[in-house]
Amino acid sequence: MLSLARVATPFSLDEGDRFFFIGTCICRQMEHALRARGLNVLSTAPAYPAGDNKLVGMSIHDKYYVQSILQELAWALGRATFPLESIVEMPRNTYADLQVPRAIHPVAREHALARREILRNYFARIVDANVIVVELTGADQWFDRATRLGLNGEPPDWAARREPDRFEYQLWRYDDHYRALTELRSVLRDVAPTMRLVGIVNPGGLERTYRDADIETVSGLFASTIRTALGNLADEFDDVAYFPTFEAFMNGPANEVFEGNRVRAPVLDAAMSAMLHSFGIDRPVSDPDYDEAAYLRANPDVAASVKSGHIPYGYHHWFAQGRAEGRGLTTPDCPTDEPIAAEDLRTTIHATPPGSVETRMRIAIPVTVTNTGGTSFASFGRYPVYFCYRWYDQDGTERETGRSMHTSLAGTLGPGETSSFDAWIMTPESAGTYTLALTLLQSNVAWFDDIDVKNGFRCAVIAKSSDMPPARQHRDGLRF
């Protein structure tokens, strides 16, 4: 594996710098590594409206493309107005924001607008940062002809089928990326003349493609395009650095570096320690991780100050004084940094899944979860608890391993408390009759229904071959 600690960098960083990360799950892991070392990470996630169940490894503020980043910053800095046409109607009187990751579930329109205001305030924090870390993922993007904006991912199937001429697939070439990255640097320098930019490339491979080529070939094309654009930008400007985490991860043993499509947490933490060392910062892990919603729940006076506008957000208080005051990060009855005892991994689940589904679809199922254990559950910390599921075939063999979508609980679920929400399910790849097992999962600890089958809900579901072709085969109305 490439030794990241020996990478030459065009500038140094110090412990007083204020960091803002823009990207996807890699950035979220990098933020964790810096917070654990006591550094000031202004991009720490905000507290979203109650009931906003994020998916594990994915946040509402994740960004995939340079154009999407530029648009979000323009809205946050007051240089443009977010077009309401980007919030599109979906089934069951819900709405999807085309500028958040597609997998984030649609919500009521008022909820979508509340999310949008939180995002505007969140990205506005960038004016107080002096080090921006940008992670790029894709070299293609979807374009919305109605708003003349790039999307932050694929358009929802429902919207694309309803308005087949609205969305256009585009492959960005090197010149497109370099031009957009140059514009991004200019925007950041306008905000703060001393701003420094660190660019990285996401090492995760594509799961599907809209190009008529082998997926590995397309994945290599995308990575090499954005890597070259970032590298050349760093060659031209001494306030821009390209850092080769992509090369380090891809040159390491895949089974040691990756878990599914994500970099293993210890590997990324070691990479971040080496990265900081190469920029001139050597700090050991010293602080527990931080969760905005949990901190506000544990400190009602801080929550009141945030609501009144006296302080911008909870993390600002935590970093400036909460740590020194010994403020609690969570309520005392919510052990998020230690495994929960087996006797407390107890729950009852009620759900109304459909009797039949189409294959290869992402669906939402209404569920009700009651905590029947003796301690609280929450979807944050070192050992978060998520709502999850497994598919079993008629022989009782688990199928679709590694494809399960994890749904976060809405806040802390205390003993005896009940929460109702929509859980996201990915249907099987192949047609057949399956058993769908719904339960809770404490990450890196146990599936609740492995402790006791009563901790889950099971039912038979028939998966039928979809009448619609996979999304990558939808060619009508698209320009390649």
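Two strands count as paired here if DSSP finds at least two bridges between them. Keep that in mind for strand 6 (residues 140-144) and strand 7, which pair in the antiparallel sense over two bridges. One of the residues involved is Asp144, whose bridge partner in strand 7 is Leu149.

Before going further, a word on what you're looking at: this is a predicted model. The protein chain has a mean pLDDT of 89, with 94% of its residues at 70 or more. Then there's the stretch to treat separately, residues 468-480, where the pLDDT is below 50. Even so, that stretch has 29 contacts in the model beyond near neighbours in sequence.

Back to the sheet. Strands 6 and 7 belong to an open sheet of three strands, ordered 7-6-8, and the pairing is antiparallel. Strand 7 (149-150) and strand 8 (167-171) each have a single partner strand, so each has one side without a neighbour in the sheet. That puts strands 7 and 8 at the edges.

Further along the chain is another open sheet of three strands, this one in the order 13-15-19, again with antiparallel pairing. Which strands sit at its edges? They are strand 13 (347-351) and strand 19 (418-426), and each of them pairs on one side only. From one strand to the next, the twist averages 35°. If you want to look at one pairing in detail, take strand 15 (residues 362-371) with strand 19: the two run antiparallel over nine bridges. Within that pairing, Ala364 has Trp424 of strand 19 as its bridge partner.

Now for the helices. Two packed helices are described by the angle between their axes and the distance between the axes. Start with helix 2 (residues 66-76) and helix 5, whose axes come within 9 Å and cross at roughly 25°. Angles under 35 degrees count as roughly parallel, and helix 2 and helix 5 are therefore roughly parallel to each other. Their crossing is left-handed. On the helix 2 side, the contact is made by Val66, Ile69, Leu70 and Leu73. Helix 5 contributes His177, Ala180, Leu181, Glu183, Leu184, Val187 and Leu188. By class, the contact of helix 2 with helix 5 has nine nonpolar, one polar and one charged residues.

Helix 5 (residues 174-191) also packs against helix 6 (residues 215-236), at an angle of about 45° and with the axes 9 Å apart. That angle makes helix 5 oblique to helix 6. What is the handedness of the crossing of helix 5 and helix 6? It's right-handed. From helix 5, the residues in contact are Tyr174, His177, Tyr178, Leu181 and Thr182. They meet Thr225, Ile226, Thr228, Ala229, Leu230, Asn232, Leu233 and Glu236 in helix 6. The class count for the contact of helix 5 with helix 6 is seven nonpolar, five polar and one charged residues. Notice that His177 and Leu181 of helix 5 touch helix 2 and also meet helix 6.

One more helix pair rounds out the tour. Helix 1 (residues 25-36) and helix 9 (residues 265-279) have axes that come within 9 Å and cross at roughly 65°. The crossing of helix 1 and helix 9 is right-handed. Helix 1 supplies Ile26, Gln29, Met30, Ala33 and Leu34 to the contact, while helix 9 supplies Ala265, Leu268, Asp269, Met272, Met275 and Leu276. Sorted by class, the contact of helix 1 with helix 9 comes to nine nonpolar, one polar and one charged residues.

Terms used:
Residues are numbered from 1 along each chain as its sequence is written. This is a predicted model: local features need pLDDT of at least 70, side-chain atom pairs count only at pLDDT 80 or more; totals for chains, interfaces and linings use all residues. Side-chain values use heavy atoms; hydrogens and water are left out. Axes are lines fitted to C-alpha atoms, for helices over the stretch in contact, and angles run from 0 to 180 degrees between N-to-C directions. Helices (H or I, at least four residues) and strands (E, at least two) are DSSP runs, numbered from the N terminus. Angles under 35 degrees count as roughly parallel, over 145 as roughly antiparallel, 65 to 115 as roughly perpendicular and the rest as oblique. A crossing is left-handed if the near helix is turned anticlockwise from the far one by less than a right angle, and right-handed if clockwise. Contact means heavy atoms within 4.5 Å. Ala, Val, Leu, Ile, Met, Phe, Trp, Tyr, Cys and Pro count as nonpolar, Asp, Glu, Lys and Arg as charged, and the others, Gly among them, as polar. pLDDT is the predictor's confidence in each residue, from 0 to 100.
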